[in-house]
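User: I would like a close look at one part of this model, with its charged contacts and its surface described in some detail. Please keep the account plain.

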Amino acid sequence: MKQFFGKKSRRVLALILMVSLGLHVIAIVIFGTIRFVTEAMREETVFEAANLDAPPQQEMEHQVMIEPQDQTNPPPRPEAIVVNNPSELNIPSLDIDLNID
C-alpha cells in the first residue's frame, strides 16, 4: 500500500494541530476569565415591590324591598272531591285517536 503522507508532511500536520489546540486553550482561558470577572463584578439586582395602599373598602348597601304579607287570610285551597262510591263519579270521556301512524 502506498503511503499517502510523507514524514515531513506528518510533522507539519502535527504542528498545525498542536498550534490550533494551544490557541483554543488560550482563547478559552482568556474569554472564560473575562466572563468570570464581569459576573463577579456585577452587582446583584434586587427587585422590591412598591408599597401599595389598600383600596378603600366601601360597604355595600343592600336595599331589599319587603312586601308586607297579609297573614289574616291564608291562601285559597282547592276544594277536595270526595266520593263514597267511585262508580258514581261521572268523568267525561276523552276523544283520542289511538291509531297514529
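How many helices and strands does the secondary structure of the protein chain come to? Please take the helix as the part to examine, and say which side chains meet in salt bridges there.

Analyst: The model is a predicted one. Its secondary structure comes to one helix and zero strands. That helix is H1, covering residues 7-41. As context for the helix, the protein chain has 101 residues, of which 0% count as buried. The accessible surface of the chain is about 12100 Å², and carbon and sulfur atoms account for 60% of that area.

The charged contacts come next. Side chains of opposite charge can pair when their charged atoms come close. The count of salt bridges is two. One of them joins the side chains of Arg-35 and Glu-39, with an N to O distance of 3.6 Å. Both residues belong to helix H1, and because they are four residues apart there, about one helical turn separates them. Arg-35 is exposed, at 54% relative accessible area, while Glu-39 is partly exposed, at 37%.

Glu-39 also meets Arg-42 in a salt bridge, here with an N to O distance of 3.5 Å. Helix H1 is assigned to residues 7-41, so Arg-42 falls outside that range, given that helices are taken as DSSP runs. Arg-42 has a relative accessibility of 54% and counts as exposed. Through these contacts Arg-35, Glu-39 and Arg-42 are linked in a network of salt bridges.

There is also a nonpolar side to the description. Leu-15, Val-19, Leu-23, Ile-26, Ile-30, Phe-31 and Ile-34 make a nonpolar surface patch of about 720 Å². Val-19, one of these residues, lies in helix H1. Val-19 has a relative accessible area of 45%, which makes it partly exposed. A patch residue must have over 30% relative accessible area, so Val-19, at 45%, meets that cut-off.

Note on methods:
Residues numbered from 1 in each chain as written. Predicted model: local features only at pLDDT ≥ 70, side-chain atom pairs only at ≥ 80, totals over all residues. Heavy atoms only, no water. Patch = residues over 30% accessible without salt bridge, like charges linked within 9 Å, V, L, I, M, F, W, Y side chains within 5 Å. Areas by Shrake-Rupley, 256 points an atom, 1.4 Å probe, with all protein chains shown as cover. Salt bridge = Lys/Arg side-chain N within 4 Å of Asp/Glu carboxyl O. Helix = DSSP H or I, 4+ residues; strand = E, 2+ residues; numbered from the N terminus. Buried < 20%, exposed > 50% of the residue type's maximum accessible area, 1.4 Å probe, protein only.
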